[in-house]
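Subject: Structure handover

Hello,

Here is the structure you are taking over. Please open it beside this email and follow along.

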Amino acid sequence: QVQLVESGGGLVQTGGSLRLPCAASGRTLSSYAMGWFRQAPGKEREFVAAITRSGVLLAYADSVKGRFTISRDNAKNTMYLQMNSLKPEDTAVYYCNVLSDWGTKKPYDYWGQGTQVTVSS
C-alpha cells in the first residue's frame, strides 16, 4: 500500500503562490495515475488536478485551469501542485491520492492528513 504525505500549505495573500509536494513511500509512484483534491469547510471534497503515470496527460478542474499546474518527479517519488494567482475560494485542505480510474478521476478511499491552504483577501 502506498502512503502519501502532503506538505507545503500555509497562509498566503490573494494573488500569491504555493507549491505543494506529495511524497510517497511504500510503493513507487510511477505505477499510478495521481490526483490532487481539496475540501473546503462545509463542502464536499472535490477534484483539483490529475496526472497520468508518465506525466503526459494532465487534467484540471475548471476552477483552477490556467492557475494551477500538476507535475511529478518519479525519480523522487513525489508529485507536486504549483498554485499561482491564489484566490480566497482556493482555501481548503489539499490532499493527494492515487486514482483508481482515470476517466472518472475517482480516488482510492484512503486519505492522508492533507495540508491546509488559506488564502486571505
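Start with the aromatic rings. Ring pairs join F37, F47, Y95 and W111 into a cluster. Before going further, please note that this is a predicted model. The structure holds 3 aromatic pairs. Two of them are described here, and F37 takes part in both.

Take F37 and F47 first. Their ring centres are 5.9 Å apart, and the planes sit at 70 degrees. An angle over 60 degrees counts as edge-to-face, so this pair is edge-to-face. F37 is in strand β4 and F47 is in strand β5, 10 residues apart, so the pair links distant parts of the chain. Is F37 buried or exposed? F37 is buried, with a relative accessible area of 4%. F47 counts as partly exposed, at 22% relative accessibility.

Now F37 and W111. Here the ring centres are 5.4 Å apart and the planes are at 80 degrees, so this pair is edge-to-face too. W111 lies in the loop between β10 and β11, while F37 lies in strand β4. The pair therefore ties together parts that are 74 residues apart in sequence. W111 is partly exposed, with a relative accessible area of 21%.

Next, the nonpolar cores. How many residues does the largest one have? The largest nonpolar core has 30 residues. L4, M34, W36, M79, L81, M83 and Y94 have the most contacts inside it. Seven strands are worth marking on your screen: β3 (18–25), β4 (34–39), β5 (46–51), β7 (68–73), β8 (78–83), β9 and β11 (115–120). Each of them supplies at least two residues of this core. There is also a second, separate core of 5 residues. Among them are A33, F37, A50 and L99. F37 therefore turns up again: it is in the ring cluster and in this second core.

Look at Y94 in the largest core. Skip its neighbours within four places in sequence. What does Y94 contact then? The list is E6, L20, W36, F37, R38, V48, F68, L81, M83, G114, T115 and V117. W36, L81 and M83 on that list are also among the residues with the most contacts inside the core.

A49 is next. A49 sits in strand β5. A49 is buried, with a relative accessible area of 0%. Not counting residues up to four places away in sequence, A49 touches M34, G35, W36, A59, Y60, I70 and L81. The C-alpha atoms of A49 and F68 are 8.2 Å apart, although the two residues are 19 apart in sequence.

Y60 is one of the residues that A49 touches. Y60 lies in strand β6, residues 58–60. With residues up to four places away left out, Y60 touches F47, V48, A49, K65, F68, T69 and I70. The C-alpha atoms of Y60 and I70 are separated by 8.5 Å, and the two are 10 residues apart along the chain.

Move on to the loops. R67 is in the loop between β6 and β7. R67 is buried, with a relative accessible area of 10%. Beyond its neighbours within four places in sequence, R67 is in contact with Q82, M83, N84, S85, L86, K87 and D90. R67 and K87 are 20 residues apart along the chain, and 10.0 Å separates their C-alpha atoms.

S85, one of the contacts of R67, deserves a look of its own. S85 lies in the loop between β8 and β9. Its phi is positive, about 50 degrees, although S85 is not a glycine. S85 is partly exposed, with a relative accessible area of 41%. K105 also has a positive phi, near 60 degrees, and is a residue other than glycine. K105 is in the loop between β9 and β10 (106–107). K105 is buried, at 15% relative accessible area.

Last, the largest pocket. How much space lies in it? About 170 Å³. The lining has 13 residues, and Q1, V2, N97, V98 and Y110 lie nearest the centre. By type, the lining residues are 8 nonpolar, 4 polar and 1 charged. β1 (3–6) and β9 (92–101) each supply at least two of them.

Best wishes

Notes:
Residues are numbered from 1 along each chain as its sequence is written. This is a predicted model: local features need pLDDT of at least 70, side-chain atom pairs count only at pLDDT 80 or more; totals for chains, interfaces and linings use all residues. Side-chain values use heavy atoms; hydrogens and water are left out. On a 1 Å grid over the protein atoms alone, a cavity is a set of points where a 1.4 Å probe fits but cannot get out, and a pocket is an open set with protein on both sides within 12 Å along at least five of seven lines; lining residues have an atom within 4 Å of a point. Grid points are joined across faces, edges and corners, and a volume is the space filled by probe spheres set on the points. Helices (H or I, at least four residues) and strands (E, at least two) are DSSP runs, numbered from the N terminus. Ala, Val, Leu, Ile, Met, Phe, Trp, Tyr, Cys and Pro count as nonpolar, Asp, Glu, Lys and Arg as charged, and the others, Gly among them, as polar. A nonpolar core is a set of buried Ala, Val, Leu, Ile, Met, Phe, Trp, Tyr and Cys residues joined through side-chain atoms within 4.5 Å. Buried means under 20% relative accessible area, exposed over 50%, partly exposed in between (1.4 Å probe, protein chains only). Contact means heavy atoms within 4.5 Å. Rings of Phe, Tyr and Trp (its six-membered ring) pair if their centres lie within 6.5 Å; planes under 30 degrees apart count as stacked, over 60 as edge-to-face and the rest as tilted.
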